[in-house]
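Please load the model in your viewer and keep the selection panel within reach, since each stop on this tour begins with something to select.

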Amino acid sequence: MTIAAIDFSRLYRDHMALAGKPKTGSAWDIRAREMNRREKKSRYADEFIARMDLSDARTLLDVGCGSGAICLPLASRLERVIGLDYSQGMLDELKENIAAQGITNAESLHLAWENDWSEVPECDIVVASRSTQVQDLGAALAKLDAKARKRVYLTHLVGGHSIDPRIFDAIGRQPRPMPDYIYALNILHSRNIHPRLDYLEGDGPLTSVSSFDELLQRTAWSLGGLDASECARLQTWFEEVMANGGLKTTVRWAFISWEKAGDD
Ligand SMILES: C[S@@+](CC[C@H](N)C(=O)[O-])C[C@H]1O[C@@H](n2cnc3c(N)ncnc32)[C@H](O)[C@@H]1O
């Protein structure tokens, strides 16, 4: 058997199906306010933007834009930026940020990765920052590539731990990592796209958590609920961890980029 026989899109979908139920737009609504506040203090977006090449670019599409961590700081350097997200709560935060910063060339699109994108305009640059944990990564990558005239930039988790792996240990469940970035590289390779790869650091998923209630809410959100004994174990772990330096961790993101053919 050679690598050409492996259907990496299928492998990804199978892995994703094992990792649990997909999140809905309204699940993200619940996180929108807190994520927007947290993002303002994070260095991740600066590091993402520092790796981008905007030369000859006038337009940008930000897929799974959230509150605009990537598209809004870039608005002053471009003619038009469009944030696409399936969470109305995230788009409300995006609109608040647009108004607060007096930005006049940013728009939002309330759509999911999985919807029909025929109305989504082609843009010079397309980005997907921390938003590619979808059911069908092969289809998502094809959409990014189809909408980009010049370059695509995305980040995908290294290791697939969107939940702090210590949580599983603490509550006595088997860790269920999500598919990590290696699937994206292999899917692109199978399509004759040979991306650049870099890495950047971001805050770990629980870095901003300061109380047990917050930890409980966040863990229940991620895992779809906890039973009483898991809650009790989580509380014991929380007290131990807070007495020993707190919940601050970092995660690594693979930063994957490619130029459209003819634009090298
Ligand atoms: C971790 S946040 C990242 C937000 C922003 N790109 C950033 O880096 O700060 C993931 C975002 O992807 C969006 N998202 C997740 N699945 C999606 C889907 N199937 N269609 C559209 N947006 C989705 C969520 O609503 C959320 O805003």
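The tour goes from a helix to a pocket, then to the cysteines, and ends at a cavity. Bear in mind throughout that this is a predicted model.

**Stop 1: helix α2**

Select residues 25-39, which make up helix α2, and look along the helix to Arg-31, where it bends by about 50 degrees. Which residues of α2 are buried? Colour Gly-25, Ala-27, Arg-31, Ala-32, Asn-36 and Glu-39, for these are the buried ones, and note that Arg-31 thus appears both as the site of the bend and among the buried residues. As background, an α-helix has 3.6 residues a turn, so residues three or four places apart point the same way. To see what covers the buried residues of α2, add α3 (44-50), α5 (88-100) and α9 (212-223), which are included in that cover.

**Stop 2: the second largest pocket**

Keep α2 and α3 on display, add α4 (71-74), and turn to the second largest pocket, to whose lining each of these three helices supplies at least two residues. The largest share of that lining comes from α3, with three residues. Now select Glu-39, Lys-40, Gly-68, Ala-69 and Pro-73, which of the 14 lining residues lie nearest the centre of the pocket; Glu-39 is also one of the buried residues of α2 met at the previous stop. The space in this pocket comes to about 240 Å³, and its lining divides into five nonpolar, six polar and three charged residues.

**Stop 3: the cysteines**

Select Cys-71, Cys-123 and Cys-231 next. How many disulfides does a search of the whole structure find? The search finds zero. Cys-123 is accordingly in no disulfide, and the nearest cysteine sulfur to it, that of Cys-71, is 11 Å away. Cys-123 counts as buried because its relative accessibility is 2%, whereas Cys-231, at 22% relative accessibility, counts as partly exposed; the cut-off that separates the two classes is 20%.

**Stop 4: the cavity**

For the last stop, look for enclosed space: the count comes to one cavity of 30 Å³ or more, and about 40 Å³ of space lies in the largest cavity. To bring its lining into view, select Gly-160, His-161, Ser-162 and Ile-163, followed by Phe-168, and then Arg-176, Pro-177 and Met-178. Colouring the lining of this cavity by class should give four nonpolar, three polar and one charged residues.

Key: Residues numbered from 1 in each chain as written. Predicted model: local features only at pLDDT ≥ 70, side-chain atom pairs only at ≥ 80, totals over all residues. Heavy atoms only, no water. Bend = angle between axes of the 7 residues up to and from the residue. Helix = DSSP H or I, 4+ residues; strand = E, 2+ residues; numbered from the N terminus. Buried < 20%, exposed > 50% of the residue type's maximum accessible area, 1.4 Å probe, protein only. Contact = heavy atoms within 4.5 Å. 1 Å grid on protein atoms, 1.4 Å probe; cavity = no way out; pocket = protein on both sides within 12 Å on 5 of 7 lines; lining within 4 Å. Points joined across faces, edges and corners; volume = space filled by probe spheres on them. Nonpolar A, V, L, I, M, F, W, Y, C, P; charged D, E, K, R; others polar. Disulfide = S-S within 2.5 Å.
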